[in-house]
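Got your viewer open? Let's take a walk through this one together, one selection at a time.

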Amino acid sequence: MARFSPLEWPVIRQLRSSDASGRGESVVSQKTRETTSRTATADKVVQSVCPYCAVGCGQKVFVKDDKVIQIEGDPDSPISRGRLCPKGAASEQLVNANGRVTDVLYRAPRAKDWQKLDLNTAIDMVADRFIEARRKHWEDFDEKGHPLRRTMGIASLGGATIDNEENYLAKKLYTAAGAIQIENQARI
Amino acid sequence: MVEDVEFSSYYGRPIVKAPPWGDEIAIYLFLGGLAGGSSLLGLGAQFSDRPGLRIATRLTAITATAAGGAALVSDLGRPERFLNMMRVFKVSSPMSLGTWILSGFGVGSGVLTAIEVDRLTGQRLPLGPLRRVLHAMETPAALESALFATPLAAYTGALLGDTAVPTWNAAGRSGLSFVFVSSAAVAAGGAAMALAPVGETGPARLLALAGSAGDVIGMDQMKKGMHPAEVDPLEDGEPGRKLHRAEKLLIAGAVGTAAVEVGARVFAKKVAQGAGAGGVGTGGAGSSSRNWKTRAALRALSVVSGAALAAASAYTRFGVLEAGIESTKDPRHVVEPQRARLEDRRARGIVDDSITTGT
Amino acid sequence: MANADCIIIQGSNMAECHPVGFQWVTEAKARGARVIHVDPRFTRTTAVADKHVPIRAGSDIVLLGALINRVLSDGLHFDEYVRAYTNATNLISENYQDTEDLGGLFSGFDPETNSYDNSTWSYQTDESGAPVTDESLQDPRTVFQILKRHYARYTPEMVAENCGIKPADFEYLVESVTQNSGRDRTTCFAYAVGWTQHSLGAQFIRTASILQLLLGNMGRPGGGIMALRGHATIQGSTDIPTLFNLLPGYLPMPSAGVHETFEEYVQAVGTPETHKGYWANGRSYATNLLKAWWGDAATKDNDYAYDYLPKINGAHGTYQTQVRMLNDGVDGYFLLGQNPAVGSANGRMQRMAMSHLKWMVVRDFRLIESATWWKDGPEIASGELKTEDIDTEMFFMPAANHTEKAGTFTQTQRLVQWRHKAVNPPGAAQSELDFFFELGKRVREKLKDSEDPRDRPLLDMTWDYPIDEEGEVDPESVLAEINGYHIGGEKDGHPLENFNQMTDDGTTAGGCWIYAGIYAGGENMAARRKPRAEQDETAAEWAWAWPANRRILYNRASAAPDGTPWSERKKFVWWDEETGKWTGKDVPDFPIDRAPSARSDRPHGGPANLDGDDPFIMQADGKGWLFAPSGMVDGPMPTHYEPQESTVNNPLYDQQSSPTRLVMRREDNLSAPGAGTPGSEVYPHVFTTYRLTEHHTAGGMSRWLPYLSELQPEMFCEISPELAAEVGLEPYGWATLVSPRAAIEARVLVTKRMTPLRIGGKTIHQIGLPYHWGVGGDATVEGDSANDLLGVTMDPNVFIQNSKYVAGTILPGRRPRGPELVDFVEKYQREAGLSPESGNQLVTVSDDVVAESLAADSAASKGGHPHRGGDSAVGVTPGRTFGGEATDSGKATDSAGSDGSAESTDAASVVDSADDRTGRIDIEPTETVNANRADDGDPTDGDPNRGYIGKDAHSTQEGNLGEGARDSGSRSDEAADTNTVDNGDNEEED
Amino acid sequence: MSTTTVDDNAVADGHWHGSAHERKGFFTDTSICIGCKACEVACKEWNNNPQDGTFELLGSSYDNTGSLGANTWRHVAFVEQDGERIEAARESGRKLVNLGMPSIRPRTDESEAKPLDGALGAAESGSAGAGASGGGLPETPPMGIDLLAPGALEPSDPEDIANMDTTPPDTEDFRWLMSSDVCKHCTHAGCLDVCPTGALFRTEFDTVVVQNDVCNGCGTCVAGCPFGVIERRDDGTINTPTDRDDRKAADMDVPDKNTANKCTLCYDRLVDGQEPACAQTCPTESIKFGDHEDMVDKAHTRVADLHAKGMTEARLYGANPNDGVGGTGSVFLILDEPEVYGLPPDPRVPTKDLPQMYASAGMAALGMFAAAGLAFLGSKR
């Protein structure tokens, strides 16, 4: 609050204004006077799409200081007209709530707990295992001699919130590697 | 006759919420009344030259005020912001008015306390030239604090009454203030009886007796003005027990007080007679010893009765406060009286003021 | 949808699962539409509906069949529409035999493979190959008469008996749909996983589409059948699939022995000689994909590196893969934002499978149950697994969320919407895009000196995406590759404008032909965000819809055959004589200048040969199919079979359950014995699973959020007061639920929203179970998982498991803990005398009947029908697609399993072909691609407009009309104006 | 039709001079609520309110947040009812229709506003209206009908309504009511009146808002609300104790602890011309937001529509400026008696009784003074 000034004392303001009963503007604090919405002061707004169901509701993501500060329905969307269901309305919490894991965790065989792992190391380990599993379960031909050119050592199950571009890249890599046991939510 | 309302609710959940008020508020209600009543007794004592009573009541008043204020502050969610109570002067808020009343009362009471302390310490307070000013303010301060004294005792009735808590609200409309000032009188009288010499506490006893009568009658009248569903919490459960206990203590205390009063009058007469017959100091050892014993007995009875009365007052405040909180827990206390008054109005042809409308 | 006069929501809890989509229902209702909810439970959808019709789970075909029967027998169908726009007049092969004749089998059933040869289901054709029709509809072999006979026994009494629906309620339904259909009015159906998660899932949808065609509700405003899907880009993940049987753009994964060469593959996909419409350009699409992936390494000389593609030979779906894992046949498993430990059927099997892996990568936001099963999963608690004995290496890799990466989601109506990136991912979190790019980079790096020809595809792959200043892959560059680009010449590198620009000579490349045009002119069309207030209702400038930004399907049917609107009220698209063009409130989904009276003398040859009154333009014959000569593996018309674990006898046929359903006979996937069999009384009740508004599937995106968790904090079951009284369950107390697979506990919601039904003289209690909870240590709220109760039995068409009908029992109190839990479940299994065979007998009719069915098949074959699994390899035709080979390969897949019995192997092969069909749904249409609505619900797709009807066109064309002239030249037409040949109904916003 | 804005700015307590804003409010149409609770979430998310409760089922159908409170500013009630109760609701609604329109009696409160206008001003006349005396009531035409009111020309005889040619809605034997409750933003707001610090104030939108930087948590407002809306955000309201070890409270930041909290009607959004979060998110537009007058009009139209469909159980709550709180800024259409939803059937702003209570307190005070005086006089020595 600003420095106290006798004239700002609401009792005095009560007398000076017509709000004698002290229930209106005479009791308003400096902070209240300066009220503004956090969306109005956001650094930027980007248009996005709700990650939950397939209706594809438009979202507006408000960002301040490189942090998502609010996600709400996008009134411009012809699909959702600005509305969101409880899940969509909770997406800011999906982004910001405590408990999100931002470290790579690794559990060694037979270990009782996780340990932290550096991302770079982790990807490297996964790449090694990828190559090994691919080789180990490689099938060149079926029993009738038809070419298979595939590996059965690697499987993948994707959710349906993976972007098209991501699915594309994943499928491309898997297929080039000969991995075929690739499935996603669409069949679950 | 109001038809029997079939009661339905949302899973039995409360409709109105109880304020987050703990024992501190009950204590404050009690202490506020005690302070107000004591201040009145102090004023009378000053004018009727009862120094013992004056000192006792004035110190009681300031102690009760300070403790009450502290209780009030400690019950705040954000005690460090207690001064915000002085931000506004809101007639619509008994709490706001009460704050100003308490403050006004505290000023006079504080001055009087300073004077008394100064006297008791043999004028050893380092006041310098201000001492004269201070002592000159005794009467104005006494009047000032007395002016706020009765509002202080009475406003709490409106404080509780001006809520949506069913039992309080109904009580407030049916004379809770009368119960509370009576209770304040009982408390102040009782405290004075306990703290001041029997010889000086005649007015305290009379005030306490009047208060007791007012309390009993007021409570009875109040309940009669309330819907049964609003009365229930005053009679049932823990709050009901407290109020019953208060009533018992009140009656016991009042009887004791009456006994002390009678005893004091008889004793005073006897002493006066003894003085007339044998002159001062001629009562003899036996008589003097008997006198001492009588005096001690009276004093003891006075202390016990006074304490009982004060306790009765405290129990009354706790009982009423808790009954209100209890009345929020079961929506029956909200719905039944409201249904009844709505039906009653409709029965009398007033159909345009319901919150629920068909069109 | 907002234009409907009556909305039947069946098999969907729309208000709960798609609240925002439900706004259109609310709007329709406000305009006076009648909304009826047919569902086992009274849900939040029901609460705002006009009427609740409680139904026994799994009996939907009986109800819909009875509606069809009533419509036909009372002549309530929309006659003009039916005659003009459906195949009602077609005559079906003399060899065709109905389930009514064969006790529940259609003709062509092969008990060896438990699958159908559908050659007897085909049209009669004249010498020219043109179909024979009877305009009077009187010939007993007309589709119309066959349909009538087929559903004659589907009566209101049968509905009361089998669905538990009161006759009065049935009459109400009849009245509602018939009075709200016709020239002036339309009725709409909406469904979701309530239909698809059944062993008859695809047929449920078929039945509704038959009804809708008869009532004339297809292709018209406020009509149609709406599929409601559950996931942000479930559509996208089949368009650009991570599915074992598909490549991007619904190109099939090549099959071993079937698509040995590129030529064979291309023939199967489509050539001008075998196809009309866009699939005729199959060679281009395949070439473009291969060019996009292998760039310079893909040359004309090496068939564009076709050999680099791995081959499938059977089903490699998630449940088959699970079995393989259990047999230690899989080393590594990637989970990408998926929580199968909770979200997949028979959760215990899922988790046990994980314990057999060598390593597992879980990419998610939080420590979901699939990431922590090894330390706090249910099997740890029960002692079946011990943390210190589990060898599986676990990698948890934090994922970026939807605000931390840019990219596209494809929503339920094929609308592709770009999400802009808002912030950077925190810590080590990264997008799948970056992860896979990086993984690919490292793998290639490690193999760079490899001489092994197996590694060539990896090393030759184009993998040079630009990196932005944040060090992340530029997702637009991937989108540009998906879109496609020119190679060489003056346009080198320029984006393709549409898929017609794709060539088959290596001068263009494109990763997903149906998405071509999304990056036209170098503009990210999916990112367009012109506010709805600034454009018309179609909102064509909001994002981009595939194909070619078309949004509305099939609307030619909204006008009468003569091109005039059916009515003023339902005016939508009509023929404008003056301009000689189709016009209306929407982009006409038809050749724009094809006059209503236009007639072609050819049954084929692309859109140039569409008659002026053939609205269903992706059908070979332009008609809506009441009878499906091909396309469905389990019958040309939907017929009622009891669900796998049903405790009720099939009142219609000796054939109790679908003879072609896919069962998995395993000790860890036991099934209840089935109606009338001893032991079935042990599991007397029906569990039916569902979702709540407040949670999202397996909970990974909701059970960690306090705001959602507090709204539905605990696993519960919903039971009727009657059952509560019978079993002694306290409201909001605890109950233990036992199925043949597992036992879980839940709080009890006793509610009148659950209705006991009288079925076949006994009372059937249905118990509702939301499936969002799981056991683990990290979530804000946890609880037992309903999916643990489920067994794996699948729809043969699309391979979706049945989760809407599970047999079980319920008792008061919490379940046992620790090892006692295992004993507890086993006690019930023993009591019921369960074995892997229980409830898994596929054929329950007499051998004579089977023989007859099979004989019909051979007779037909002898009759010289050209079509038998026409484009076999792709698997459009069911059953025999892979023939014996498939069986073999299926064994190769499954025989590793100790109980990989012949049956399940066969089943797998069927699945496989069916699955291919899944993809094929979208490859069929001649003119254009219709939407595949594969979703958690149903890969076969939902909207019959797009799904069924569309998907069958292809094989019909081949099988029955295939010999007709094929004019590849007509393609120029189609290519000319993509807007003129659009597909299907769909003004529903949802 | 709405008479709530007859007086220029004496609409409600407190004054804003030169405020360019109309009174804002909600119309919550519970007949189209699908109980999705998006409003609860959007509200919490915008206002950063902590989750409350212990993640246990509350035993009230799908409602697990219980009621409005310090943290839950939108609350969706779920009520399951059988046929008997539906019929009773339909019947009670029918009776209500026959009571006629509320706006016939000349307004007595604002037009006679005393210096202490608003609640206190209303109190004097209102208390008479409450029927305490019964004598000097303003004339109240029995069963009057306001011809200007929507639905006024509809038959008002119950028989007639029963015989109206309408398609009665089905679902006779069971229904599931859902209703999103919210702060009423009363015309005469008890919480606002009794607040001793001025933390609560009447905004330029005629809504009632707590200033959390001022509130000292005295709790008086909690007692002052006849609807049980406002609450102090204490430990008990954030993490209710539980005896089950498998339930734990979420780890969340708790802003504005120990101060009173309630719906602000998204004051911070209104000042920037935005819609409240709950109304914006509501998928079915069960929650509508706008100028209060329009909201009341919409409510009247909607209830008439439903009555025309035979749904006589539909009724409005808070749309009557003559009621005990002078009408509410948040108007509801409900389908049964208010108490079924946990709403009071006849709320009165307690301040309405305050003048009388002050008078009584004054008399009591005088009495005490007199008693003390007499005590001294009667106790000579």
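Before the first stop, one term: two strands count as a pair if DSSP finds at least two bridges between them. Also keep in mind that this is a predicted model.

**Stop 1: a hairpin in chain C**

Select residues 407-410 of chain C, which make up strand E13, and then add strand E14. The two pair in the antiparallel sense, and four bridges hold that pairing. To see who faces whom, click on C:Phe409: opposite, in E14(C), stands C:Gln417. Now follow the chain from one strand to the other. E13(C) and E14(C) form a hairpin, with four residues between them. Pause in the turn at C:Arg414, which has a positive phi of about 70°.

**Stop 2: strand E14 itself**

Now keep just residues 415-419 of chain C selected. Is this strand mostly enclosed or left open? Buried means under 20% relative accessible area, and five of the five residues here are buried, so strand E14 of chain C is largely enclosed by the rest of the structure. Try colouring the two faces. On one side you'll find C:Leu415, C:Gln417 and C:Arg419, and on the other C:Val416 and C:Trp418. Both faces are covered.

**Stop 3: another partner for E14**

Add residues 544-545 of chain C, which is strand E17. Two bridges join E17(C) to E14(C), and these strands run antiparallel. Which residue of E17(C) is the bridge partner of C:Val416? Look for C:Trp544.

**Stop 4: zoom out on chain C**

Show the whole of chain C. Its secondary structure comes to 29 helices and 29 strands. Of its 990 residues, 74% count as buried. The accessible surface of chain C is about 25,200 Å², with 47% of that belonging to carbon and sulfur atoms.

**Stop 5: over to chain A**

Switch to chain A and colour by domain: the assignment gives domain 1 (1-35), domain 2 (44-96) and domain 3 (121-187). From domain 2 to domain 3 of chain A, the C-alpha centres lie 33 Å apart.

**Stop 6: a sheet in chain A**

Select strands E1, E2 and E3 of chain A. These three strands form an open sheet in the order E1-E2-E3, with antiparallel pairing. E1 (44-49) and E3 (67-73) of chain A stand at the edges with a single partner strand each, so one side of each has no neighbour in the sheet. Turn the view and look for the twist, which averages 30° from one strand to the next. Finish on E2 (residues 58-64) of chain A, which pairs with E3(A) over six bridges. There, A:Lys64 has A:Lys67 in E3(A) as its bridge partner.

Note on methods
Residues are numbered from 1 along each chain as its sequence is written. Chains are lettered from A and ligands numbered from 1 in the order in which they are written. This is a predicted model: local features need pLDDT of at least 70, side-chain atom pairs count only at pLDDT 80 or more; totals for chains, interfaces and linings use all residues. Side-chain values use heavy atoms; hydrogens and water are left out. Buried means under 20% relative accessible area, exposed over 50%, partly exposed in between (1.4 Å probe, protein chains only). Domain bounds come from an automatic or database domain assignment. Axes are lines fitted to C-alpha atoms, for helices over the stretch in contact, and angles run from 0 to 180 degrees between N-to-C directions. Accessible areas come from the Shrake-Rupley method with a 1.4 Å probe; for residues, only the protein chains shown count as cover.
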